[in-house]
Amino acid sequence: MRSLLFPLLLCGALLAGCATVVNPVTGKEERTVMDEKTEIAEGRKAHQTVIAEYGIYPDARLQAYVKGIGQKLAAQSHRSELEWTFTVLDSPEINAFALPGGYVYVTRGIMAYMESEADLAGVIGHEIGHVTARHGAQRATRQQTAGLGVLAASVLGAVFGVGDVASQLSQGVAAGYVANYSREQELQADKLGAEYLVRNNYDPQNMVDVINVLRNQERFAAEQARAEGKTPKQGPDWLASHPSNEQRLEDIEQIAAGYDQKTKYVDDGRARYLQALNGMPFGESREQGVTRGRNFYHEPLGIALTAPQGWRIQNSQDAITLINAAGDAGLIVQLAPSKAGNTHEEIIKNAFKPTQGRVEKDDINGLPATRFAGTRRNAQGQAQSVAATIVTGPDRNNFVLLHAARDAATRQRAAASLREAENSFRPLTPADRKAAEPWVLRTVAFPPGGFAELAKRSPLMTNPEQQLRLINGVYGGGPQPKPGQAVKVIQ
C-alpha cells in the first residue's frame, strides 16, 4: 500500500454520519462512515486518480495474466460478489495497494522481484484481504471520528519539505490519509492472503517468500546507498508502508506453518510467470524517460539533462527534479501547462504572476530560452523571490526550469550548480539516444559461469551481479540455479 497515496476523495456524503454494517470477514457489526455502496463509489472515483498518477502498463497480455490471477483469488474471497478490478501500473516502484470497493493494483516494479505466479498471488491476496476486511472503511471511520478529515500532500512539495516553493507550477497533488494500516490490520490481511492462496491450491509458504524477497531488496538498496555515502531511501515501496519488523515475519511464518504441511499444492507457476514477464521494462520506461547515473534522457520529448556532481535525479509523473546532496535545493523541470500560454512571456506572466522582475532572452544548447528572476505573492500574500527559465524544446514543447530551494539564502548558495544543471538541458544527441534505450527483463538459461558471467553482459551500472541475484531470489544466500535453468536477466 502506498500510504501517501490512499486517495479516498471523501465528500459530504461521508460527513452525514455513521451506519452499521456486518464485516464480511469477522461476521461482527461495526460502525462506519462508508457502507458498501459508498466504498464502491469512492473506490471508483479514486481509481481515476491512481491511473492519472501512475499510468496503466500498456501490455494487454500482462494485464490479462494478472487479472486472471486476481479474479481467481477474489472468487474465493469473503466478498466474491464485488466487481473486482486488477491493474498493473506502469511504475518502477516496488509496490502494491488496494482501494475500497475492489480495486487492486500491482506495479511492474514489484513484479520484477517476484519469482513465481504463487509469489504474485501472495501479494494480490494480501491486498484483497484489506478490501474484504473493510480496512479502508475502518481507517476512514477512525479519521472522521477523530476529526482529521482528508489530508493533501504535494508530490513535489515533499522533495523540499516546503510545498509552496515546489508547487508553484505543479498540479500533482494527491489527497489521502497518511496513516498506515495498523499492525492488527496487516496481520489480518496476511492471514487472509494465506487463506486465499490455500483456497486456490497455492502454497501459503509463498507469503513468507514474498516478504523475504522484498526484505532483501530493501537491504540491497540500503547497503548500496551507504556505500555511496547516501542516506538509505525511505520510499513508497510495499514494505515501507507495511510493518517490516522481525515480529511480522515470524507471524507470517506461523500463519504458513498453521496449514497442513503434508498438503500437495499445485505448481507455483514459475515458468508461466517468467514467460509473462519476458520483455517487460525494468526500471523507468521509454514514456517516463530513463535515468542513467547523473544523466536523464527522454526520447519521446527529445531532451536530455545532466545533474551536477554529487546531485541526484528524481523522476516523477509530473516533473524531473535534479536535487543537491543536502536535499534543500534543486532544479524542477516540467512541461509548461498549456493554459499558461504559448510564448515565453505569456508563460512567465500566467504561471508565476510576478509583481516585478527581470527578463533576459538567451539560448541553451541551440534552444530558445528566456530567463526570469523576480518576485511574486505567495498564497499568504507575502513577497517571494522566483528564478526560472522557459525553454522551447526540439519538438516545440515549452519547458519550465524552476530554481527551487528551502529559502532564498540556500538558493543563492546553490546558484552556480543550479545554472550548471539548467545549462545541461539539450536536444538528444545520437549518443544520448542510444543511452535512452530502456532496460527490459528477459529469460535466459543459467550459464556455467553463473551470475558472474551474466553480470559481464549486463547493462546495469552498479553491482550487476548482486542485482541479478536479487531479481532471481538468491541475494544473500539460497540455492543457486542449476545450469540451464531459466533465470531473469536485464538487457
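Biologist: Which helix gives the most to the lining of the second largest pocket?

Modeller: That's H14, with four residues. This is a predicted model, where local features need pLDDT of at least 70, side-chain atom pairs count only at pLDDT 80 or more, and totals for chains, interfaces and linings use all residues. Residues are numbered from 1 along each chain as its sequence is written, and side-chain values use heavy atoms, without hydrogens and water.

Biologist: What makes H14 a helix?

Modeller: A helix is a DSSP run of H or I with at least four residues, numbered from the N terminus. H14 covers 415-423, so it counts as one.

Biologist: Why is the space of about 320 Å³ called a pocket?

Modeller: On a 1 Å grid over the protein atoms alone, a pocket is an open set of points with protein on both sides within 12 Å along at least five of seven lines. Its 16 lining residues (an atom within 4 Å of a point) include Phe372, Ala373, Ala387, His403 and Arg419, the closest to its centre.

Biologist: And what makes the space lined by Glu39, His130 and Tyr181, among others, a cavity?

Modeller: There, a 1.4 Å probe fits but cannot get out. The largest cavity holds about 40 Å³, the space filled by probe spheres set on its points, joined across faces, edges and corners. H5 gives the largest share of its lining, three residues.

Biologist: How many cavities of 30 Å³ or more are there?

Modeller: The structure has four of them.

Terms used:
Helices (H or I, at least four residues) and strands (E, at least two) are DSSP runs, numbered from the N terminus.
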